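I opened this entry to keep a record of what I looked up, item by item, with the sequence and the coordinates side by side.

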Amino acid sequence: MAAAEEARLLAWLRGPAAPAGPELSAYVSELAALGLAELGREPARLAAERARVGAETRRLAFEHYRAFIRSAECTGRAGHGFGGIESRLGSLLERLPALQDACRNFMRDAEEIACSRRMNSLTLNRHTEILEILEIPQLMDTCVRNGYYEEALELAAYVRRLERKHSTIPVIQGIVEEVRQCTQLMLNQLIQQLRTNIQLPACLRVIGYLRRMDVFTEAELRIKFLQARDAWLRSIQASIPDDDPYFHITKTIEACRVHLFDIITQYRAIFSDEEPLLPAEGQALNEGAIFHSWVLQKVSEFLRTLERDLRRGVGGRLDSLLGQCMYFGLSFSRVGADFRGQLAPLFQHVAASAFRKAVEEAVEKFQEEMNSYTLISTPAALGGSAGVPVPMAQPGTLQPPMVLLDFPPLACFLNSLLVAFNDLRLCCPIALAQDVTTCLEDALGEVTKTILAFHRAEEAAFSGREQELFVQFCVAFLDDLLPYLNRCLQLLFPPAQIAQALGVPPTQLQRFGHLGRIDVVALRDSLAFLLPAPPVEEEPLRPKEEEAESLPALLPAHGQEGSPEGALLPIAPTE
């Protein structure tokens, strides 16, 4: 309580403007300890003390006025200096924020520089490894262009591993893109190698590289292989000159037989086709069907080429061409692609067309000769052919009737038919028996019409001799020319072979009509009104033993000495 009252007393005595301090507190404590009398004398003492201090102060001021002046000057200068300092401090404070920002930027740049320095130091330490990675695209390109595909594949696999680990790094992305371009170049080079004359070991290496590249499925790889090899085969076929059909087809056969067989061998050595050709129901088509489809396509293309060249004409070398094609088909039977059965219709059609054309030309030539033929131009006597040298018949030869020499149109017509027969026997399948017979019957029908037209045009002007000669002309046509043509047909198409092809006994061939022989009766009926005597019965067919003996003379084997024209009739000169 006493302390509190003392504090309130000090506050009251001090007043609001009185200075506070320990000296005042000590003086107040001292006043509190005085008595009343002492307190009454205290104001006088304070006044005396005040006067003494004032006098002392004035004495000191007079004695030390220079010091006070210097002190005042120093204080003024100090105040002026402190004012300058304060203004500069204000300017400094204004610039401190900019300094702070600059210091922060400096610290950030310093940190970046330090980080960059650490990265540069690390890069310098790993310079060799980094350089190897950066040189991968160039090394890959060098390997691909120089054919080092094994090393190129290893580099590509390494880059794929890098891509999986560091796919977000731009440098790695650039390297991966360049390596992909080199890989595409390598793929093109490998496929291009398959388009050249490549052997089996090289094919195995190329397909191995393609499989390791893993860009094709197994089916796509097979298709790419067949496409590339097919392109090479087509280039070889395209280089064959196309001017001569026979030369073109023979070279095509040789190229296909050799190179196509090599391609098939390469395919079977590289790819395995152990699955069945036809898949089970509901199962996807197996990969082995790709190869079989391609082989069928190549066989079809060859057959189309053969058909086109046969239509253009191969001359009299049809038998040689047939032998080469049969050998080609036989060689393909070793790979399960025997197509010899498809050759027969092509050659049969060509042989029939060539024979038909030759017969039509013979008919046209006969018609032309009949237009300018006069019976007076025949030999003076009916036996006039005795003066013409007749070729000596060889043993077993089917000699043409010499009586036709008295009638040049018939002789020339028979010569043309014999030329057609000699060309036909080079390739004469038994299936042509009906077509050849029908063609001959049509041609002989036209000849008969020509003879009738000649008779109608010249009948009114016939003399007795000319009428007799015309009758002999018709008799020679019916009794000599037609039976001789029947014998020729029997040599080309022996009845025994026809019966064997039909699966019937030879004695039952009559059931099939005039198969392999001309219907002489129908032609004789057309000219019957011109003949004075009853028509002679058709000459009976010769036994097959006699036909077999006559065959070499009429139709000598191809390449045998003696010309096919040895069986032709010499044409009597006309005046």
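**Surface patch.** I began with the nonpolar surface and found a patch of about 680 Å², made by Phe 82, Ile 85, Leu 89, Leu 92, Leu 93, Leu 96 and Leu 99. I took Leu 89 as the residue to follow up, and placed Leu 89 in helix H4, which runs over residues 65-125. Its relative accessibility is 45%, so I entered Leu 89 as partly exposed. I keep in mind throughout that this is a predicted model.

**Overall make-up.** I then stepped back to the whole protein chain, for which I noted 20 helices and zero strands. Of the 575 residues in the chain, 33% are buried, and the accessible surface comes to about 34500 Å², with 57% of that area belonging to carbon and sulfur atoms. I also looked up how far apart in sequence the contacting residues are: when I take contacts between residues at least 6 apart, 74% of them join residues at least 24 apart.

**Confidence.** I checked the pLDDT before going into side chains, and the protein chain averages 79, with 82% of the residues scoring at least 70. One stretch where the value stays under 50 is residues 275-280, for which I found nine contacts beyond four places in sequence. Another is residues 538-575, also below 50, which nevertheless has 73 contacts in the model beyond near neighbours in sequence. I do not interpret those contacts further, because predicted coordinates should not be read in detail where pLDDT is low.

**Cysteines.** How many disulfides does the count come to? I obtained zero disulfides. I looked at two cysteines individually: Cys 115 has 36% relative accessibility and so counts as partly exposed, whereas Cys 488 is buried, with a relative accessible area of 0%.

**Salt bridges.** I counted 21 salt bridges and went through several of them, noting the closest N and O atoms and the setting of each pair.

In the pair I took up at the start, Glu 63 forms a salt bridge with Arg 59, and the closest N and O atoms are 3.0 Å apart. I found both residues in helix H3 (residues 36-63), four residues apart, which is about one turn of the helix. Glu 63 is partly exposed at a relative accessible area of 47%, and Arg 59 is partly exposed as well, at 37%.

I went on to helix H10 (residues 218-238), where Arg 222 and Glu 218 lie four residues apart, about one turn of the helix. They form a salt bridge, with the closest N and O atoms 3.5 Å apart. Which of the two is buried and which is partly exposed? Arg 222 counts as buried, at 3% relative accessibility, while Glu 218 is partly exposed, with a relative accessible area of 27%.

In helix H12 (residues 288-312) I looked up Lys 298 and Glu 301, which are three residues apart, about one turn of the helix. The closest N and O atoms in their salt bridge are 2.7 Å apart, and I noted that both Lys 298 and Glu 301 are buried. I then followed the shared partners outward, and the salt bridges join Asp 230, Arg 234, Lys 298 and Glu 301 into one network.

**Two buried nonpolar residues.** I stayed in helix H12 for Val 299, which is buried with a relative accessible area of 8%. What does Val 299 touch, not counting residues up to four places away in sequence? I found Phe 332 and Phe 339. The C-alpha atoms of Val 299 and Phe 332 are separated by 9.8 Å, and the two residues are 33 residues apart along the chain.

For the other residue I chose Ile 175, which lies in helix H8 (residues 170-194) and counts as buried at 6% relative accessibility. Leaving aside its neighbours within four places in sequence, Ile 175 is in contact with Ile 133, Leu 134, Ile 136 and Pro 137. For one of these, Leu 134, I noted a C-alpha separation from Ile 175 of 7.2 Å, at 41 residues apart along the chain.

Notes. Residues are numbered from 1 along each chain as its sequence is written. This is a predicted model: local features need pLDDT of at least 70, side-chain atom pairs count only at pLDDT 80 or more; totals for chains, interfaces and linings use all residues. Side-chain values use heavy atoms; hydrogens and water are left out. Helices (H or I, at least four residues) and strands (E, at least two) are DSSP runs, numbered from the N terminus. Buried means under 20% relative accessible area, exposed over 50%, partly exposed in between (1.4 Å probe, protein chains only). Contact means heavy atoms within 4.5 Å. Accessible areas come from the Shrake-Rupley method with a 1.4 Å probe; for residues, only the protein chains shown count as cover. A disulfide is a pair of cysteine sulfur atoms within 2.5 Å. A salt bridge is a side-chain nitrogen of Lys or Arg within 4 Å of a carboxyl oxygen of Asp or Glu. pLDDT is the predictor's confidence in each residue, from 0 to 100. Patches are made of residues with over 30% relative accessible area and no salt bridge: like charges are joined within 9 Å, nonpolar side chains (Val, Leu, Ile, Met, Phe, Trp, Tyr) within 5 Å.
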